[in-house]
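Thanks for coming, everyone. Let me put the structure up, and then we'll walk through it together.

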Amino acid sequence: MYPLKAIQKTMAAYRHLSTCVFSEKGRYYCVNMTRIHKDVERVIVDEFCNYVLSLIKE
Amino acid sequence: MPAKKSVNQIRVVVNPKLYSLEAVYGAAYAFLDRAYIFLDQNSKKEILVTLKQKEELSKKELDVMAGEFQNALLSYSLRNEISKNNRKIREYIVGRALIGVLPENEEIDESKEEIQEWKGDDLGIAVPWEKKFAKKTRTKTSRE
């Protein structure tokens, strides 16, 4: 569903908001976020997914 | 397409035989400003699209959003289909447009063709002004 390249680009774009660690679990790609900026902790996961989708389309 | 509701989100199940992944991406992209969108796939290979509200929405409004998403899916599917059918024509048109921007060699070839035409012109009608008067000037100089 989500291309690896788009996920990697999103991780790079979000590096100033959190520390992202990439891994694979079965059929899924996992992005583990730590040290999340306080201002965005409520929405960062959702926004991350939307950002990946936007890169797919582009 | 069935839609399943949770507290602040709604899920649309998409049949991949009817809608391509491209159409799902296109429809999802159109909704990025209105909702958080999550894609997944179940064991039946059906695409699960979860729309999570960004702003507070009633159940009815969630339903409406799901309906609009399904319409967007249809729209993008049709668009993709038309794009596939028109691909050769588009490539031809673009190719022709690019051929119009030719390098300088093409102009030299045309002038050679024009010169051939002038040679067959007994009355001298097709001879350019510059050539016609250039000859006469040379004649005047030689007499003086």
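**Across the interface and into the core**

Start with D46(A): at 8% relative accessibility, this residue counts as buried. Keep in mind that we are looking at a predicted model.

So what does D46(A) meet in a salt bridge? The side chain of K52(B), at 2.9 Å, N to O. This pair crosses between chains. K52(B) sits in strand β4 of chain B, and D46(A) in helix α2 of chain A.

How many salt bridges are there between chain B and chain A? The count is one. Polar contacts add to the picture: nine residue pairs are in polar contact between chain B and chain A, both residues at pLDDT 80 or more.

Which elements of chain B give two or more residues to the side that touches chain A? They are α1, β3 and β4. β3(B) gives the most, with seven residues. By class, that side of chain B has twelve nonpolar, two polar and three charged residues.

Now the whole interface. On chain B, 17 residues are in contact with 15 residues of chain A. The two chains bury about 1400 Å² between them. Of that area, 60% is on carbon and sulfur atoms. Three tyrosines stand out here. Y25(B), Y29(B) and Y36(B) supply 38% of the area that chain B buries against chain A. That is more than any other three residues.

Next, helix α1 of chain B, residues 21-30. Its buried residues are A23(B), V24(B), Y25(B), G26(B), A27(B) and A28(B). What covers them? From chain A, the cover includes α2, residues 44-57. From chain B, it includes β2 (9-14), β3 (35-41), β4 (47-53) and α2 (59-85).

On to the core. A general point first: in soluble globular proteins, nonpolar side chains tend to be buried together. Here, the largest nonpolar core has 42 residues. Which of them touch the most other members? L53(A), I37(B) and F69(B). Both chains give elements with two or more residues in this core. From chain A, those are α1 (4-13) and α2. From chain B, they are β2, α1, β3, β4 and α2.

Take F69(B) as an example. Leaving out residues up to four places away in sequence, F69(B) touches V12(B), A27(B), A28(B), F31(B), V49(B) and L51(B). Two of these, A27(B) and A28(B), are among the buried residues of α1(B).

A66(B) lies in helix α2 of chain B. Buried or exposed? A66(B) counts as buried, because its relative accessibility is 3%, and the cut-off for buried is under 20%. With the same sequence neighbours left out, A66(B) touches I10(B), V12(B) and L51(B). V49(B) is 17 residues away from A66(B) in sequence. In space, the two are 9.7 Å apart, C-alpha to C-alpha.

Let me move to T50(B), in strand β4 of chain B. At 8% relative accessibility, T50(B) is buried. Its side chain makes a polar contact of 3.3 Å with the side chain of R11(B). Beyond its neighbours within four places in sequence, T50(B) is in contact with Q9(B), I10(B), R11(B), Y36(B), I37(B) and F38(B).

Back to salt bridges, to finish. Over all chains, a search of the whole structure finds three. We have seen the one between K52(B) and D46(A).

Another joins R34(B) and E68(B), with the closest N and O atoms 2.5 Å apart. Why does this pair tie together parts that are 34 residues apart in sequence? Because R34(B) lies in the loop between α1 and β3 of chain B, and E68(B) lies in helix α2 of chain B. R34(B) is partly exposed, at 36% relative accessibility. E68(B) is partly exposed too, at 33%.

Then there is R87(B) with E91(B), where the closest N and O atoms are 3.0 Å apart. Both residues lie in helix α3 of chain B, residues 87-99. They are four residues apart, about one turn of the helix. In general, an α-helix has 3.6 residues a turn, so residues three or four places apart point the same way. R87(B) counts as exposed, at 51% relative accessibility. E91(B), at 47%, counts as partly exposed.

That's the tour. Over to you for questions.

Technical notes:
Residues are numbered from 1 along each chain as its sequence is written. Chains are lettered from A and ligands numbered from 1 in the order in which they are written. This is a predicted model: local features need pLDDT of at least 70, side-chain atom pairs count only at pLDDT 80 or more; totals for chains, interfaces and linings use all residues. Side-chain values use heavy atoms; hydrogens and water are left out. Buried means under 20% relative accessible area, exposed over 50%, partly exposed in between (1.4 Å probe, protein chains only). Contact means heavy atoms within 4.5 Å. Buried area is the accessible area (1.4 Å probe) that two parts lose on being put together, summed over both. A salt bridge is a side-chain nitrogen of Lys or Arg within 4 Å of a carboxyl oxygen of Asp or Glu. A polar contact is a pair of N or O atoms within 3.5 Å; within protein, one must be able to donate a hydrogen and the other to accept it, and residues adjacent in sequence count only if both atoms are side-chain atoms. Ala, Val, Leu, Ile, Met, Phe, Trp, Tyr, Cys and Pro count as nonpolar, Asp, Glu, Lys and Arg as charged, and the others, Gly among them, as polar. A nonpolar core is a set of buried Ala, Val, Leu, Ile, Met, Phe, Trp, Tyr and Cys residues joined through side-chain atoms within 4.5 Å.
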